[in-house]
Amino acid sequence: MTGSPSTGNSAAVSDTPFGQNELVLVLDFGGQTAQLIARRVRDQNVFCQLVRHDLSAARIKELNPRGLILSGGPASVYGEGAPQVDPAIFDLGIPVLGICYGLHLMCHVMGGEILPADSREFGRAPCSSVGNNDLFAEIPETFTAWMSHGDQIRSMDDRFEAIASTETCPNAAVRHRDLPIYGIQFHPEVTHTEFGGQILGNFVRGICGCEGTWRISSLIEQQKQHIREVVGTDRVICGLSGGVDSSVVAALISEAIGDQLSCIFVDNGLLRKGEREQVEQHFTDHFKTDLHVVDARERFLTELDGVDDPQKKRKIIGRVFIECFRDEAASIPNAKYLAQGTLYPDVIESGASPDGPAATIKSHHNVGGLPEELGFELIEPLRDLFKDEVRRMGLELGLPEEMVWRHPFPGPGLSVRCLGAVTEERLSIIREADAILIEELHNAGIYRDIQQAFIVLLPVQSVGVMGDARTYENVAAIRAIQSEDFMTADWYPFPHDLLARISTRIINSVRGINRLVYDISSKPPSTIEWE
Ligand code: XMP
């Protein structure tokens, strides 16, 4: 199960069981890259979380962060309804770094003037620092910075001085002369900014004084301890999907409480080749959990019989999944907790954390999510982590690379890749072709460069020749995309010889496919899945 937003024991920032001694907070002003700032700070082994931009100075003091970062955002400081900040945060003595809008707001609050720049600046610009300062320590005097702004500082209070400039932006970076308060017009969190990670590192380490003690390995130990304390002698149920999030949750809880964990894996018959066997192997051999495999293949196929509308398929699969899960869970005595693989971005997007930023609109696929009425208390040990941190945790827990790096797979499984009616015969054609595609991506060493790749079976037949005989078989498509967040995606530019190899292998060895096409559509306007 992948992260449905939690409503259960949602943790406030202060409740988080780890990272308390070195915490950096990002005040979120709605910038698209606010989460990325937190990610980059964590790369410095410093725990970092997003909070609402209007968190009071008193609450911030309570949370006791080592540093504050004011994120960018789409607003203009003088605009109607522009997000504000509690001015008292600048008197707390906590180091502050304002980025883009965060910089404007900071200067505005402290007596400066912000105006639309003569020319809006987007993209790369050479940026030169002036004199020595902690923010740019060990960084070449001129580096490439990524700019994305309309407004800039027109004038600032005398207590501030410029420490870097670009051709069109004289105050590309500023600092307070007496207090540990800094601001930058460019975005250090994006990879287009050279030395961006180092600039953030200079802030959190050099200026905030963090030592960088946050590690996945210590996190695992802390989480195990926390789980034991919460669960006591009760039993935990964890739904396994074969995906990385639920596998990591199960592995972590298994290490924490051993045989007090029961896992449920529903085989809906819509899985990829070998997926069920892999889950069985890992969660009985490697992690010795009480694994319940519900063989519901027939039930799903019967319910899906004759259904070709994608949304109807999703609804049926969601409903039958919950029924299967509930029935199996009811057979497990004394189960009190349900473990879910909710990740930090889900927590942010759902607005579930009281100190966290307000929810933003996100298209949410709920298939595979479980309703609250099941009556369990939730345990969400990954709710502070980003996806790549979950992967690192999975590897440290001993899950195989293949499982940890597996491309995401939708809850409705192969049914949304089997266009039109879903039958066992058509599913097995997809499974075979898909396995060849994935094997070839591994052989070519590009599996991880692609975020999702799969075969789609079309409800179209085409004429072909095989030997001397005419065939009339299915058309299939290859879909392979690159994406940062799956909200937008580009199609992957395969080398031609690889495409040729994939095509030859699939058409020669998978009975039922005599034509393969290559999907060259981006998202938007297309979606990643075809249904
Ligand atoms: P789309 O097709 O919307 O997919 O561009 C974006 C990401 O979401 C996955 N996806 C789903 N995941 N239930 C899920 O759990 C669904 O119904 C569903 N539909 C799409 C898709 O595989 C991609 O990673």
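Which residues lie nearest the centre of the second largest pocket? They are Lys273, Glu402, Arg406, Ala435 and Ile438, and the full lining runs to 17 residues. Keep in mind that this is a predicted model.

## The second largest pocket

On volume, this pocket comes out at about 320 Å³. Two elements, helix 7 (275-286) and helix 13 (424-443), each give two or more residues to its lining. Helix 13 gives the most, with eight residues.

If you're thinking about the chemistry of the walls, here's the split by class: 10 charged residues, four nonpolar and three polar. As for where the lining comes from, domain 2 (216-404) and domain 3 (417-518) each supply at least three residues.

## The five-stranded sheet

Now for a sheet. Five strands make up an open one, paired in parallel and ordered 12-11-10-13-14. Strand 12 (290-295) and strand 14 (377-379) sit at the edges, each pairing on one side only. Ignoring direction, neighbouring strands here are turned against each other by 30 degrees on average.

How many bridges join strand 13 to strand 14? There are three, and the two strands run parallel, with strand 13 covering residues 335-339. Zooming in on residues, Tyr337 stands opposite Glu377 in strand 14.

## A helix across the strands

Helix 6 (residues 244-257) lies across three strands: strand 10 (235-240), strand 11 (261-267) and strand 13. Relative to strand 10, helix 6 runs at about 155 degrees.

Conventions:
Residues numbered from 1 in each chain as written. Predicted model: local features only at pLDDT ≥ 70, side-chain atom pairs only at ≥ 80, totals over all residues. Heavy atoms only, no water. 1 Å grid on protein atoms, 1.4 Å probe; cavity = no way out; pocket = protein on both sides within 12 Å on 5 of 7 lines; lining within 4 Å. Points joined across faces, edges and corners; volume = space filled by probe spheres on them. Helix = DSSP H or I, 4+ residues; strand = E, 2+ residues; numbered from the N terminus. Nonpolar A, V, L, I, M, F, W, Y, C, P; charged D, E, K, R; others polar. Domains from an automatic or database assignment. Pairing = 2+ DSSP bridges. Axes fitted to C-alpha atoms, helices over the stretch in contact; angles between N-to-C directions. Contact = heavy atoms within 4.5 Å.
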